[in-house]
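User: I would like a close look at a single part of this model, explained step by step for a first-year student. Please begin with one pair of strands and then show what surrounds it.

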Amino acid sequence: MTENEKKRVGIFSLTCDEGCGIFLTEIFNRKLVEWLEKIELVYFLAIKDHVEIENLDVALVEGVVTSERDKALIEKIRANTKILIAMGTCAITALPSGQRNNFNINQLKEIEGHLEKYKFLPKALSVKEAVKVDDEIMGCPIDREKFINTFEKYI
Amino acid sequence: MHSCNLDVEICKLSKIEGHADLDIKIRDGKLKEVDLKVMENVRFFNQAVVGMQYSAVPQLVSRICGTCSIAHLTACIEAVEKTLDIVPSRQTVTLRKLTTYSMMIRDHALHLYFFVMPDILGIDSLLDVPEDKHDLIHDALAVKEAGNNLSELVAGRAVHAPYEQVGGFSHEIDEEKIPAAVEGLKKIRPTVLKLIDEFSKCDWEFRRKTNFVALTTDDFSFLEGKIKSTSGMEIEEKDYWDHLHKVVLPYSQATSFDFEGHEYMVGSLARMNLNRESLHANTKRDAEKYLAKFPSDNVYDNNLAQAIEILHAIDHTIEILENTRFQKEEAAKPGRLTGSNAGAIEAPRGTLYYALEIEEGKVKSMKLVIPTAQNLVNMKKNVEQIVSGFCALDSTKEELEKNIVREVSKLIRAYDPCMSCASHFLRVRWK
């Protein structure tokens with residue numbers, strides 16, 4: 001496969017612990033060399049500096065959309081990718097990283113100043129709530145076999 | 001020396017864990033200001049745990065950080081156990097050591113091969129190594145995989161390990177799988193020795209007098225011991241908080257700390273400076289000439305120290321696995337359900353401290369001290385020294401900008417900062 005025919009893949013972390021991204025690097029241990037025959041990693045800040053969000057074939061997104069900055073980023077990713085895959089329970093259900101959605105009044109009072117100062121959204125959104133998602137991989141972190149099966153459908 | 005005003009912006013420093021900004025202002029050719037800002041969106045764990053049943057808290061705080069989830073899990077379990085008089089069995093302690101070693105192997109390998117090695121080779125990403133150096137990718141993946149397999153064997157998974165719980169482990173180790181795990185570790189040992197040699201040859205140097213702080217353990221197992229500093233302090237784990245002062249970083253979604261009124265550094269370099277005598281005998285034998293470099297105040301020796309810690313984790317794990325019979329055990333039970341206490345462990349990036357107040361089995365409050373947060377003041381002062389040094393040189397504005405960006409990114413990466421923990425990617429913005 002020539003460089004031009006390789007699928008352009010981006011891996012993105014919104015607000016979360018990056019556990020799915022890190023676990024993905026563990027899935028890479030046995031699969032990366034094989035996948036690199038078929039894909040070009042164009043965005044993965046964990047392992048490269050020169051990144052671009054344009055003309056993507058597959059975007060893998062972990063985390064929740066908790067701030068205006070997250071929202072702008074996920075909208076940019078959506079507008080620039082053919083396939084968007086929500087990766088992990090945060091991206092699918094907004095938990096655990098959006099746990100503030102379930103806070104009681106006392107807990108909310110403690111955090112309201114921070115929410116305002118850093119332009120948080122009224123509620124943390126899952127990636128699914130924020131934009132159209134083409135596929136999803138459950139797990140906290142993602143399940144290895146499910147990831148491989150889903151990802152390989154698109155590359 | 002030139003008298004320029006320089007405003008540079010680098011968005012999202014890569015090859016670290018998490019997001020942060022660094023603003024640097026140069027006016028009339030002199031450094032005016034360095035602002036290190038952790039821009040990771042806070043997820044409010046301190047508030048979320050209030051009212052939770054004690055046994056559920058460690059698995060939740062594991063979600064603070066993907067890469068060192070095992071450290072949060074283990075430190076929080078220790079704090080719960082000390083608070084509620086739960087005494088873990090010897091076997092549990094041994095399994096926790098193995099779990100911690102599995103994390104150190106894969107977490108340090110990710111940092112050294114994927115984050116730092118590209119700087120040494122002058123490339124953007126390890127994936128870009130030339131054909132004749134492709135072995136490096138295979139080495140990186142093999143070392144990580146050995147750590148990952150050990151996590152799976154002992155704790156169920158490398159990220160958010162399900163078996164490690166308050167009072168014990170929920171699953172027994174499958175003894176049939178031990179020989180393969182030992183074999184895997186023995187296979188990567190020469191690779192790790194090669195990595196150590198590689199980092200010992202790295203001539204990067206940055207020195208600035210500082211204090212090093214680490215929890216020192218008698219078998220270098222990262223879990224139980226006394227907190228010591230190179231300034232000569234020796235304190236109990238539970239008293240650590242009393243020696244720290246919060247430092248507020250303006251505009252940052254994190255706070256930092258000083259220790260006894262001064263900035264300090266935690267992490268592998270601190271451990272190697274304070275506790276290298278306790279390394280495994282096989283590690284000391286085979287890494288003797290590299291260990292002669294310590295104590296060291298060269299920040300870049302943090303990379304070498306991490307490589308040596310991988311070797312130690314392998315050597316001690318092999319010894320434990322080859323000499324221990326594991327058996328089924330019940331979880332240790334609490335002696336009381338109300339109290340307050342604290343626990344500290346050494347996470348990959350340094351001392352991690354959890355303090356809890358529990359009432360009738362429910363968490364009333366939680367305080368934590370994160371390794372990267374402790375290093376932020378030291379990191380900022382190092383950046384100031386680097387920038388001032390370049391400002392004093394006779395260079396063009398473009399050269400100045402290029403030099404600063406390159407050296408500052410490299411230095412910050414040597415700390416292996418984790419912004420997910422400190423509250424996540426470093427975005428460097430220069431004004």
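**A hairpin in chain B and its setting**

Analyst: In this predicted model, strand β14 (residues 350-359) of chain B and strand β15 (residues 362-369) of chain B run antiparallel and are joined by 7 bridges. One point of this pairing can be located exactly: Ala355(B), in the first-named strand, stands opposite Lys367(B) in β15(B). The hairpin of β14(B) and β15(B) has 2 residues between the strands. Within this hairpin, Glu360(B) takes a positive phi near 50°.

The hairpin belongs to a chain with many other elements. The secondary structure of chain B comes to 13 helices and 16 strands. Chain B has a radius of gyration of 21 Å, close to the 22 Å that the globule rule gives for 431 residues, so chain B is as compact as a globular protein of that length. Taken along the principal axes, the box that the C-alpha atoms of chain B fill is roughly 70 × 50 × 35 Å. Of the 431 residues in chain B, 54% count as buried.

The next step is the partner chain. Here 35 residues of chain B are in contact with 35 residues of chain A. On the side of chain B that touches chain A, the elements that give two or more residues are α1 (45-48), α4 (90-121) and α5 (135-155) of chain B. The largest share comes from α5(B), with 4 residues. By character, the residues on this side of chain B divide into 15 nonpolar, 12 polar and 8 charged.

Chain A offers a useful contrast to the antiparallel hairpin. In chain A, 5 strands form an open sheet with parallel pairing, in the order β2-β1-β3-β5-β7. Its edge strands are β2 (39-43) and β7 (135-137) of chain A, each of which pairs on one side only. From one strand to the next, the twist averages 25°.

A single pair from this sheet may be set beside the hairpin. Strand β1 (residues 7-13) of chain A and β2(A) run parallel and are joined by 4 bridges, whereas β14(B) and β15(B) run antiparallel with 7 bridges. In the parallel pair, Val9(A) has Leu41(A), in β2(A), as its bridge partner. Helix α1 (residues 19-35) of chain A lies across β1, β2, β3 (56-62) and β5 (81-87) of chain A. This helix, α1 of chain A, runs at about 160° to β1(A).

Technical notes: Residues are numbered from 1 along each chain as its sequence is written. Chains are lettered from A and ligands numbered from 1 in the order in which they are written. This is a predicted model: local features need pLDDT of at least 70, side-chain atom pairs count only at pLDDT 80 or more; totals for chains, interfaces and linings use all residues. The radius of gyration is taken over C-alpha atoms; the globule rule is 2.2 Å times the number of residues to the power 0.38. A residue is buried if 20 or more other C-beta atoms lie within 10 Å of its own, exposed if 12 or fewer, and partly exposed in between; C-beta atoms are placed from the backbone. Two strands pair if DSSP finds at least two bridges between them. Two residues are in contact if their C-beta atoms, placed from the backbone, lie within 7 Å. Ala, Val, Leu, Ile, Met, Phe, Trp, Tyr, Cys and Pro count as nonpolar, Asp, Glu, Lys and Arg as charged, and the others, Gly among them, as polar. Axes are lines fitted to C-alpha atoms, for helices over the stretch in contact, and angles run from 0 to 180 degrees between N-to-C directions.
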